[in-house]
Amino acid sequence: MAAVWVIGFVEGAAVHAFDVLTGGLHAYAWWPLPSQVLFHALLVLDPLAAVLVARARPAGAWLGAGVMVADLTANWWANWHDVVRHPLDYLRGVVGLPAMTLFGLFVFVTAAPLRREFLRTGPYAGAAPRAQEA
């Protein structure tokens, strides 16, 4: 399960890196400004999520889920008009919005179990739980 996460987030980082390398800082100029900022931030957040998950850090599960919420929200927001007008165009192929959505669903479904597994077997296994703050 963790390997799928790592591959997915590395692939996402590579796509955003390619976009910026080929389009410069204005690679996402046609997107809404919050999406532009997010897509540039994903150059750091995607690899960070991959590294945390690869190192079995529990925070990687929450970071990955949060990244996917933001990424899917931005992509669906910007593509919504076209999806409604031409929904079958988005069902073809294994890249783009359908692939991202499937990966996002996988991340959402597996985030809590992955975090629990990291707590059980990862570098924090056996650590005393922190006391609840009042």
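**Notebook: a four-helix chain**

I looked up valine 109 and found it exposed, with a relative accessible area of 64%. The model I am reading is predicted. Valine 109 belongs to helix H4, which covers residues 97–121. I also checked its separation from alanine 65, 44 residues away along the chain, and the C-alpha atoms of the two are 9.4 Å apart.

**Helix H4**

I next examined the helix that carries valine 109. H4 has 25 residues and spans 34 Å from its first C-alpha to its last, close to the 36 Å expected at 1.5 Å a residue. Where does H4 bend? I located a bend of about 50 degrees at threonine 110, with proline 113 following within four residues. Threonine 110 is among the buried residues of H4, as are Val107, Ala111 and Leu114. The buried set also includes Leu97, Phe103 and Phe118.

**Whole chain**

I noted four helices and zero strands, in the order α-α-α-α from the N terminus. Of the 134 residues, 33% count as buried. The chain exposes about 8,500 Å², and carbon and sulfur atoms supply 70% of that area. I then turned to contacts between residues at least 6 apart in sequence: 71% of them join residues at least 24 apart.

**Aromatic pairs**

I counted four aromatic pairs in the structure. In the pair of tryptophan 5 and phenylalanine 9, the ring centres are 6.0 Å apart and the planes meet at 50 degrees, so the pair is tilted. Both residues sit in helix H1 (residues 2–23), and because they are four residues apart, about one helical turn separates them. An α-helix has 3.6 residues a turn, so residues three or four places apart point the same way. Tryptophan 5 is buried at a relative accessible area of 0%, and phenylalanine 9 is buried at 1%.

I then took up tryptophan 31 and phenylalanine 39, whose ring centres are 4.9 Å apart with planes at 90 degrees, so this pair is edge-to-face. Tryptophan 31 has a relative accessible area of 14% and is buried; phenylalanine 39, at 1%, also counts as buried.

Which residues form an aromatic cluster with Trp5? I found that Phe9 and Phe103 join Trp5 in one cluster. Phe103 is one of the buried residues of H4.

**Alanine 56**

I finished with the loop between helix H2 (33–54) and helix H3 (58–85), where alanine 56 lies. Its phi is near 60 degrees, a positive value in a residue other than glycine. Most residues other than glycine have a negative phi. Alanine 56 has a relative accessible area of 17%, and because buried means under 20%, this residue is buried.

Notes:
Residues are numbered from 1 along each chain as its sequence is written. This is a predicted model: local features need pLDDT of at least 70, side-chain atom pairs count only at pLDDT 80 or more; totals for chains, interfaces and linings use all residues. Side-chain values use heavy atoms; hydrogens and water are left out. Helices (H or I, at least four residues) and strands (E, at least two) are DSSP runs, numbered from the N terminus. Buried means under 20% relative accessible area, exposed over 50%, partly exposed in between (1.4 Å probe, protein chains only). Contact means heavy atoms within 4.5 Å. Accessible areas come from the Shrake-Rupley method with a 1.4 Å probe; for residues, only the protein chains shown count as cover. The expected span of a helix is 1.5 Å times one less than its number of residues. The bend at a residue is the angle between axes fitted to the seven residues ending there and the seven starting there. Rings of Phe, Tyr and Trp (its six-membered ring) pair if their centres lie within 6.5 Å; planes under 30 degrees apart count as stacked, over 60 as edge-to-face and the rest as tilted.
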